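Let's take a walk through this fold together. Have the coordinates open in your viewer and follow along.

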Amino acid sequence: MPQTPEEFRREVAKGARGARMETLVVERPFEEVYRALEARTEPCLDVTVQRSANVGYWERSSSDYNPTLRRLGADRAEFTLQVAHNPRGVGHTPPPGGLYLMVADVQRAGASRTEVVLYSPTIGAFKRIPASFMQWAEGSGTDCPKLK
């Protein structure tokens with residue numbers, strides 16, 4: 001259970017099941033990419049999804065998504081997305097903020113190019129998040145991904 005973005009990167013780079021690492025270059029300046037991600041991160045990904053189901057009794061659960069986008073210098077930024085499930089699964093201790101779903105390193109690759117290294121899920125509903133993230137970085141006004 002990765003407890004930090006660094007541990008998450010390391011596990012995905014080693015070939016963690018259901019995740020992948022990919023490097024993409026966006027033909028946009030770093031500042032534009034950062035502003036686009038900043039504009040979409042909170043309204044699209046800082047959400048809580050509530051669920052209820054009748055399984056012989058009414059069961060209620062929720063998933064609280066916690067994105068963070070932060071500058072690491074003039075030419076670099078880090079994005080992380082965590083999710084905290086309630087009730088929490090048995091047998092694991094998630095880090096503060098929840099389980100890591102995605103980490104992205106964003107850095108200037110020239111005057112009008114930006115490199116994005118994604119460490120992201122390839123399975124389930126979570127695989128839509130990296131696609132939306134990259135569309136935002138490329139300048140598309142794509143809708144927010146549906147989170148479950």
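What follows starts with confidence, moves to the central helix topic and the cores, and ends with a few local details.

Keep in mind that this is a predicted model. The mean pLDDT of the protein is 91, with 98% of its residues at 70 or more. Where does confidence sit lowest and where highest? The low end is strand β2 (residues 48-54), with a mean of 85, and the high end is β5, at 96. As a general caution, predicted coordinates should not be read in detail where pLDDT is low.

Now turn to helix α2, which covers residues 30-45. A quick sanity check on its geometry works out: 16 residues at 1.5 Å each should span 22 Å, and the end C-alpha atoms are 21 Å apart, so the two agree. Its buried residues are Phe 30, Val 33, Tyr 34, Ala 36, Leu 37, Thr 41, Cys 44 and Leu 45. Look down the axis of α2 and those buried residues fall within an arc of 160°, so they line one face of the helix. Swing round to the face turned away from that buried side and you'll find the exposed residues Glu 42 and Pro 43. As for what covers the buried residues of α2, the list includes the strands β1 (19-26), β3, β4 (76-86), β5 (99-110) and β6 (113-121), along with helix α3 (128-138).

Phe 30, in helix α2, deserves a stop. Is Phe 30 buried or exposed? With a relative accessible area of 0%, Phe 30 is buried, because the cut-off for that label is under 20%. Beyond its sequence neighbours up to four places away, Phe 30 touches Arg 71, Ala 74, Asp 75, Arg 76, Ala 77, Val 106, Gln 107, Arg 108 and Thr 114. Take Gln 107 from that list: 77 residues separate Phe 30 and Gln 107 along the chain, yet their C-alpha atoms are 6.7 Å apart.

Next, the nonpolar interior. The largest nonpolar core has 26 residues, and the ones with the most contacts inside it are Leu 37, Leu 45, Phe 79, Leu 81, Met 102, Val 116 and Phe 133. Which elements give two or more residues to this core? They are α2, β3, β4, β5, β6 and α3. Of these, α2 gives the most, with six residues. Apart from this core lies another, of six residues, among them Phe 8, Val 12, Val 103 and Tyr 119.

Met 102 makes a good place to explore the interior by hand. Leaving aside neighbours within four places in sequence, Met 102 is in contact with Phe 8, Phe 79, Thr 80, Leu 81, Leu 118, Tyr 119, Ser 120, Pro 121, Ile 129, Pro 130 and Phe 133.

Helix α3 has its own buried set: Ile 129, Pro 130, Ser 132, Phe 133, Met 134, Trp 136 and Ala 137. The cover over these buried residues of α3 includes β1, α2, β4, β5 and β6. Just after α3, Gly 139 takes a positive phi of about 100°.

A little further along comes the covalent cross-link. The structure holds one disulfide, formed by Cys 44 and Cys 144, with their sulfur atoms 1.8 Å apart. Cys 44 lies in helix α2 and Cys 144 in the segment after α3, so the pair ties together parts that are 100 residues apart in sequence. The link of Cys 44 and Cys 144 is left-handed, with -60° about the S-S bond. The two ends sit in unlike surroundings: Cys 44 is buried at a relative accessible area of 4%, whereas Cys 144 counts as partly exposed at 36%.

One more backbone detail is worth a look. A cis peptide bond joins Asn 86 and Pro 87, with omega at about 5°. In general, most peptide bonds are trans. Pro 87 is found in the loop between β4 and β5. Both Asn 86 and Pro 87 are touched by Ser 61, which also reaches Val 49, Gln 50 and Arg 51. Ser 61 itself lies in strand β3 (residues 58-71) and is buried, with a relative accessible area of 19%.

Finally, try Ala 16, in the loop between α1 (5-13) and β1. Ala 16 counts as partly exposed, at 28% relative accessibility.

Definitions and conventions:
Residues numbered from 1 in each chain as written. Predicted model: local features only at pLDDT ≥ 70, side-chain atom pairs only at ≥ 80, totals over all residues. Heavy atoms only, no water. Helix = DSSP H or I, 4+ residues; strand = E, 2+ residues; numbered from the N terminus. Buried < 20%, exposed > 50% of the residue type's maximum accessible area, 1.4 Å probe, protein only. Contact = heavy atoms within 4.5 Å. Expected span 1.5 Å × (residues − 1). Arc of directions from axis to C-beta. Core = buried A, V, L, I, M, F, W, Y, C linked by side-chain atoms within 4.5 Å. pLDDT = per-residue confidence, 0-100. Disulfide = S-S within 2.5 Å.
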